[in-house]
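Let's see how the words we use for a protein fold rest on plain cut-offs. Have a look first, then we'll go through some questions together.

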Amino acid sequence: MDYRELTEATGLWQAAFGNLGNGQDDRNSRHLAFSYWSLAERVKPILEQIHHVLDGLTVHDIGHATQLWEVATVIAGQKLTLNPLEAYILGAAFLLHDAGLAIYAYDGGREELISRPEYADALSRQTRSENGAPYHGDPLATPEGAKQRAIFDVLRQIHAEQAQQLVRRQFTDPSDTTVKFHLIEDIDLLRDYAEVIGKISASHNWPIQRVIDELSQPMTPGVKFRWTVEPLKLAALLRCADAAAIDERRAPTMAHVLARPHGVSADHWAFQARLRPAQVIGENNLLVFQSKAPFDRVDMDAWWLAFESLNVCHDEIVSCNKCLREQHLSTLHAEGVFGAHDPIVLSRCVKTAHWKPIDTTIKISDPTRLAKLLGGSQLYGDDPFVPLREILQNSADAIRARRLLDPDYKPTPENPFPGRIEVSALRDANSGDYELICDDDGVGMTEAVLTGPLITFGKSLWTDALATRLFPGLSSNKDFFPSGRFGIGFFSVFMISSQVTVISRPADFPGGPGSGAVRHVLAFRNGMNSRAEFCAYDHSVDGHIPSWVSTRIKLRVPASFLAAYGRAPGLNMFYGAGVLKNPKGREILTTELLERTGKIPDPDDINQIGRKGANADEYAFSRHCQRLVIPLDVKVGVRTQSGSRIDHSPHYTHWSQEQIGKQIYAAEWYLSAIGLLDNQLSMLREIKSQSGRILGRAALSIHSGGRELALFSIGGFLAKRSTDQDIVGVVEAYPGSASREAGIPLATDAEMILWAKNQLEVADALPLTDEEKLLAVASASRFDVDIYPLARINSNFGYMSIDQIVEYICGGEVVIIPATTQVGDRLHLIATSLIRKDLKSCNISEIDSEHLILCSIEKAQKNSFPVIGIDDQIYTDYQQMFVSRLLAEVEKKCNDAVMVRMESCKLGTYVGPESEKDGLYRGDFMSSLVFAIYDGSKIEPTGSAAGQVVWSINAESNAQDGE
């Protein structure tokens, strides 16, 4: 039997179109049947194209539409019947509901799909899940497998809505372009019923509530076709039949052989090939699936996929019957699926062999406790700053998203950073508790977001498919780098509060989900220990919210929470770890100021301590907020109960040299060091990606003392602020862990190398001291750049370049590199600081020698001096690069360069503190293991200068010297 004969044999078809007479309704019924077969013949070639592109799918051709007639007949039984017009509309939906999976269902074919934002979003999801970066690579360089997966994802996502468009699409005859036609030939049927056919076709992919909202209203009879249509009944039949059409008819043997599916697709083919068509059996009216053969151990994954698919089918039947009852419509004959949600029961009819279907999926017995542990102090420690950072971070992500989506919200020259966040800390006069409020005007949250990703531990909206549906094109936008990646940050709020309220509505902008949307409230009254209340916003209960606000997050915290900001160990991280100097020159510590006065110094003026009499805890809180958002590209206002207000104006890319200096060094230290930091701040330059995106504003460190700081910005928030001897400034980063304690620079190695090369050019052009140039080059050495032009090293003759040392050697002089010193029987280590000008700093007298002695370029540590030994290769990167380049230049410019190891070489006399324990006495001779470099063609070392040759340019000279 062909597909037409099989369809006409089904009960639903026979009830609608069988036994027709000669009356007007009978003639109209024949016309509807004829129109259906005409539509089927036109849709058939489209359906046949699905397999050519999506070859991993089970059968989706015209035979699938026939199967749906058969399955729907079983599910409907005698309880639910169709009139001819309903049968025509349902049949058209059977034909069209999956037609959007064919590339040829789109005017532009594959090119149209690739040009859609959903395609780039699909590629982006593949990369965002791995490293948080959006896809914006070269399409030609994208692996074919990734492209095919993206096409598949796009078709799965949009095929239902495309079915709605396809029914109205106009086609052109390629042999005669003047001939236009639609899939539905009858103009009256097209005009009157295309909309409902399209909606029912698309509805199989809708949430059930949308089905109810859009398809509950019956269609009254028309003049020609005098039957009432119940769209909800038809949508229910399509949903349930489609979910239950998972038997051997979808996976015929030859098609299975030719498809050669793999992965999950192979499991779909495997289980469907083994299932017989289902029947409703028993007094409970359950749909029963039986296997033709048992599933062996190698087929276990396929069996479990069958189990999950039957659970979906069961849930569809149950929810559809519920909807039909609520609308006072006839329900389906089937009430569910036998064995659903119980693998042991299902195995009675879908059998297994040599294994037992016990669900051994790893389970979380107490997800609330897990969220408390991993979303709270176990992950973040007791840092009181984390919850605030996570809340602000979510607001910032929402604002950045809106900038890219809302045409009226895009940056302009007058307002380069649209959007705002307002933070309030308001004290309850009765209890003394504080209400922390964070308002923003970002994209806001729909009901689906509030009750989905927001409260699902481990799920971030920005990496979820829901974001793609709500905001097409956002996920793949090369300018969108959300901070939220792990889906756990929101849970940190329960570290500090058990009363958390989220009030939100989606922002209203063209193409967004917010048109006509209302505010919803998600209120946690007892932390994560009980269900949250979800309801519509009520002004009288939930308080006034300004109209500009999209989302408000409100926490109730004890007064001790704000006090923690003044006592936290991390305070120094934000207010200057190290010595600060006030205008009078007296050295003080920020923490000492806090302990002595109970207040935090104003970063803008160290003499204004606790201005306006602000509460110290509130003041510490507001100042912390200000420091936390230093790199943020969003305006932030912070106000407290005392009335004080602090505003953050973005952005570091727009700040003056003085502004960024105050932020990098902390204002108190900066004000005390005006004039000392000019060269350092003059070196600040942007770090840019290849696409031109600014990834930081920084400089190579040129100071060995003080506080060289690199501010690591993760999503605009200060994630790491610690002494860094290589970089000064702001560096954009992405989180290296869920706790966001440390960041990994967003700039690639190649981009950092370009920046470092430019820094050396800047250093060469500025009037830097020799010491500053040395430090700049030493800082640059870690970036694999050519240090030769500016390379310096300290010596007993002052700072010298590679060329100066080479000239010295080629002129017949000896260069000595000391490694260790020996006084009496004791061995001591030498390591002079970069900023020291002679060896007296290491308690060695001035050397009475004509030889050039190079100082160690290791920075001295208190009571700890690193070993410098060429033979042991104990070098810093800079040492390695400097010596390597020095030897290369000596090789090119000297006739016979030789390096000699000398076990004992007198350097001078000891002048430091005496120590009987260590055998150190003033006036003792100090000798050292050294390495001497000279031109063997010009001098022949004798006496104490003689030693073992360890390096030579010329092989013959090396052999001679060795002898």
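Q: What makes strand β19 (residues 694-700) count as mostly covered?
A: This is a predicted model, where local features need pLDDT of at least 70, side-chain atom pairs count only at pLDDT 80 or more, and totals for chains, interfaces and linings use all residues. Residues are numbered from 1 along each chain as its sequence is written, and side-chain values use heavy atoms, with hydrogens and water left out. Buried means under 20% relative accessible area (1.4 Å probe, protein chains only), with exposed over 50% and partly exposed in between. Six of the seven residues of β19 are buried, hence "mostly covered".

Q: How do you know that β18 and β19 are paired?
A: Two strands pair if DSSP finds at least two bridges between them. Strand β18 (residues 685-688) and β19 have four, and they run antiparallel. One of the bridge partners is Arg-697 in β19, opposite Glu-686.

Q: Which strand pairs with β19 over five bridges?
A: That is β22 (residues 727-735), again in the antiparallel sense. Here Gly-696 stands opposite Val-731.

Q: Why does the length of helix α10 (residues 187-203) agree with what is expected?
A: The expected span is 1.5 Å times one less than the number of residues. For the 17 residues of α10 that gives 24 Å, and the end C-alpha atoms are 24 Å apart, so the two agree.

Q: What makes us say that α10 bends at Tyr-193?
A: The bend is the angle between axes fitted to the seven residues ending there and the seven starting there. At Tyr-193 this angle is about 60°.

Conventions:
Helix = DSSP H or I, 4+ residues; strand = E, 2+ residues; numbered from the N terminus.
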